[in-house]
2 protein chains.
Amino acid sequence: MDEEVRNTRLAKNLKVGTLDEVAAHAGLSRMTVSRVLRGHGSFSADAKRRVMEAVETVGYVPNRLAGALASARSTQVAVIIPTIGNIVFTEVMSGINSVLVEAGLQGVLAVTEYDDERERALVEGVLSWRPAGIIIAGLEHGNNTRRLLKRAGVPVVELMDVDGEAIDMCVGLSHSEAGRVMAAHFVARGFRRIGFIACDINRDLRAGKRLRGFEEVLAQHGLEIAIRHELPLPTSVPGGAAALVHVLSQCPDLDAVYFSNDDLAIGAVLHCLSSGIAMPERVAIAGFNGLVIGQLLPRRLTTVRSPRFPMGQQAARCIVQRLAGIEAPKRFDTGFEFLTGQTT
Amino acid sequence: MDEEVRNTRLAKNLKVGTLDEVAAHAGLSRMTVSRVLRGHGSFSADAKRRVMEAVETVGYVPNRLAGALASARSTQVAVIIPTIGNIVFTEVMSGINSVLVEAGLQGVLAVTEYDDERERALVEGVLSWRPAGIIIAGLEHGNNTRRLLKRAGVPVVELMDVDGEAIDMCVGLSHSEAGRVMAAHFVARGFRRIGFIACDINRDLRAGKRLRGFEEVLAQHGLEIAIRHELPLPTSVPGGAAALVHVLSQCPDLDAVYFSNDDLAIGAVLHCLSSGIAMPERVAIAGFNGLVIGQLLPRRLTTVRSPRFPMGQQAARCIVQRLAGIEAPKRFDTGFEFLTGQTT
DNA sequence: TTGAAAGCGCTAACAG
DNA sequence: CTGTTAGCGCTTTCAA
């Protein structure tokens, strides 16, 4: 964080007035104005009228830096996710905001780009704004990050996943179970030569958990993954197409490919459609997430749908409840839905 | 903003120490600690070592509320966009962040959901955190919003569009020109019975500008739109499919449909592929945005690509330059690229 | 119902 | 190189 920019001195430019200026215009004390503006404590109707008038003429915009500092209260809830390039996380964010707004809170987004060190720095950065709560994707964090989150002293919800130990609360689904369910489907379909394609499972840890669940069930049936191919993050539709081409050239007799997410799988399906590769006859394809577009393809994608919007809502609800002094679940499993498409 | 939640009193829970505590542990004054931590001013190597040690043992996390209040400086740049449900805006946001991070600044996102009143409230809310700069989508805002933005006293960049008068600076492309270019293409292809499908052009004003440019050129060739159909926001892929079915049932002899964006157009293309409707023989389809997936469909979508990532970068650069005291362009036209696909 | 005093945690400006 | 003094703009607490 090299301070290359000498930030503007806001006080000099900002023409929004202070509480004292409003008070002077209204002929009241600073405190009465404060009470009127927050609707807290008691004041006369006349005081209110004069304050409102003064606010208008002064063009007052409250300074929450000062307010939050003085009251040690905040309305900001930090949301830390790996990327906004993936619609999955933006849907989660929408769910979070829908609940937060109702409660008079606001979500503030920060993006790690799947980088551990960046995550730690962001958690610290976010903490320095003294948020009212924290929602963070994933159950795995560096040790320093975990320690920071523990001493944050505010409600913390870990999101997307429930396979592991939560710092405070967690809301999500079991990714290993999602992998198992897909493997069972592959076995039932009679696929034997199976490929796996993912984006950097050492960073996208939930994709790794799906893979392990998937392999576990395959193993129970005496099967194993014939070829595994990894792409660099970020995940992309064209990447899935290219990866399919690659694994098919390596293993021409592949029956099926399990993609770690729908973006990749959709790329593969589009490639097959364009190239006349029959699904599932020549090769079967499955993904994870249940994106809408996967269900609109000429051949519907087999996948597992994660309840992203409700998941975000539940996470926000946990925060709101805690702030209201109501206890919230330590662990909330949202479950998922298997979607049998036409590609397997 | 009804304060239903009695927010936690952070001071009571937060175990992060204060500058004074660090100073006590280090056996130094508060100011020396402050200087070391900010790398500002001068201090001995010994002082630095002692401070670092004390920070570690106290578990200190700076309080930026206090810091920003005292110094009247902020590192936050507010970014106000209509929605995060549309990948277009998240790509813009990525471009913004890529530049901001380099400069030691951080983008803070707020979402209007295409609502004017919400936009005004957000601008006020954002201003109350005293950001170092503001990036906001669009050139049209309510009057109150414009006034607020003008008195903000910080650099303001209006993004996505250059057809209009900027409050301070603007970065984007000409949507009316994009519409004109597409109309010229339609005319050149010989389409005469033309439909238009959009999402609520009274809220998505840039879609409205594209429509006007489009109609303008059609009129020059003695043509007009045969059928116009609007969907409610938010834009969606399935919506485009449904809308195409609708207009084709109303006007079976349509030659071509101009969709206000790629999401809708992609839905239409997928529907045609699934239903065996030949493009462009039976009906031609075009969109706007140049989404990657549109170029991966079995028939590439004709569209106009908006340079979203670079647009975001440029907007952030304008802010950074202004903060550094360097003058930045009042109006920056990023241009766009016409993509001739196989659907027209 | 209103006001005065004190202080949230930090930094600017100055003095040593 | 280090410390002191005086706030930033607001809210809490207590008194009137």
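In which helix of chain B is B:Ala184 found? I looked this up first in the predicted model. B:Ala184 lies in helix α9 of chain B, which spans residues 175-189.

**Entry: B:Ala184.** I then checked its surroundings. B:Ala184 has 16 C-beta neighbours inside 10 Å and therefore counts as partly exposed, since a buried residue would need 20 or more. I also looked up its separation from B:Ser128. The two residues are 56 apart in sequence, and their C-alpha atoms are 47 Å apart in space.

**Entry: α9 and α10 of chain A.** I turned to a helix pair in chain A. I recorded the angle and the distance between the axes, because two packed helices are described by these. The axes of α9(A), residues 175-189, and α10(A), residues 205-220, come within 6 Å and cross at roughly 40 degrees. That angle makes α9(A) oblique to α10(A). The crossing of α9(A) past α10(A) is right-handed. On the α9(A) side, I listed contact residues including A:His175, A:Arg180, A:Met182 and A:Val187. On the α10(A) side, those in the contact include A:Arg206, A:Leu211, A:Phe214 and A:Leu218. By class, I noted nine nonpolar, four polar and seven charged residues in this contact.

**Entry: α11 and α12 of chain B.** I examined a second pair. The axes of α11(B) and α12(B) come within 6 Å and cross at roughly 60 degrees. The two helices are therefore oblique to each other. α11(B) passes α12(B) in a right-handed crossing. Among the residues that meet, I noted B:Val237, B:Pro238 and B:Leu244 from α11(B), and B:Leu264, B:Ala268 and B:His271 from α12(B). The contact residues divide into eleven nonpolar, four polar and one charged.

**Entry: contact of chains A and B.** I looked up how the chains meet. Chain B gives 65 residues to the contact and chain A gives 65. The elements of chain B that supply two or more residues to its side include α6 (87-102), β2 (106-111), α11 (237-250) and α12 (262-275). I recorded 38 nonpolar, 16 polar and eleven charged residues on the side of chain B that touches chain A.

**Entry: nonpolar core.** Which residues of the largest nonpolar core touch the most other members? I found A:Val257, A:Ile285, B:Val257 and B:Ile285, in a core of 207 residues. I followed B:Ile285 further, leaving aside its neighbours within four places in sequence. B:Ile285 is in contact with residues including B:Val257, B:Phe259, B:Ala265, B:Ala268 and B:Leu301. B:Thr343 and B:Thr344 are also among its contacts. B:Ala265 and B:Ala268 appear again in the contact of α12(B) with α11(B).

Methods
Residues numbered from 1 in each chain as written. Chains lettered and ligands numbered in written order. Predicted model: local features only at pLDDT ≥ 70, side-chain atom pairs only at ≥ 80, totals over all residues. Axes fitted to C-alpha atoms, helices over the stretch in contact; angles between N-to-C directions. Helix = DSSP H or I, 4+ residues; strand = E, 2+ residues; numbered from the N terminus. Parallel < 35°, antiparallel > 145°, perpendicular 65-115°, else oblique. Left-handed = near helix turned anticlockwise from the far one by under 90°. Contact = placed C-beta atoms within 7 Å. Nonpolar A, V, L, I, M, F, W, Y, C, P; charged D, E, K, R; others polar. Core = buried A, V, L, I, M, F, W, Y, C linked by C-beta atoms within 7 Å. Buried ≥ 20, exposed ≤ 12 C-beta atoms within 10 Å, placed from the backbone.
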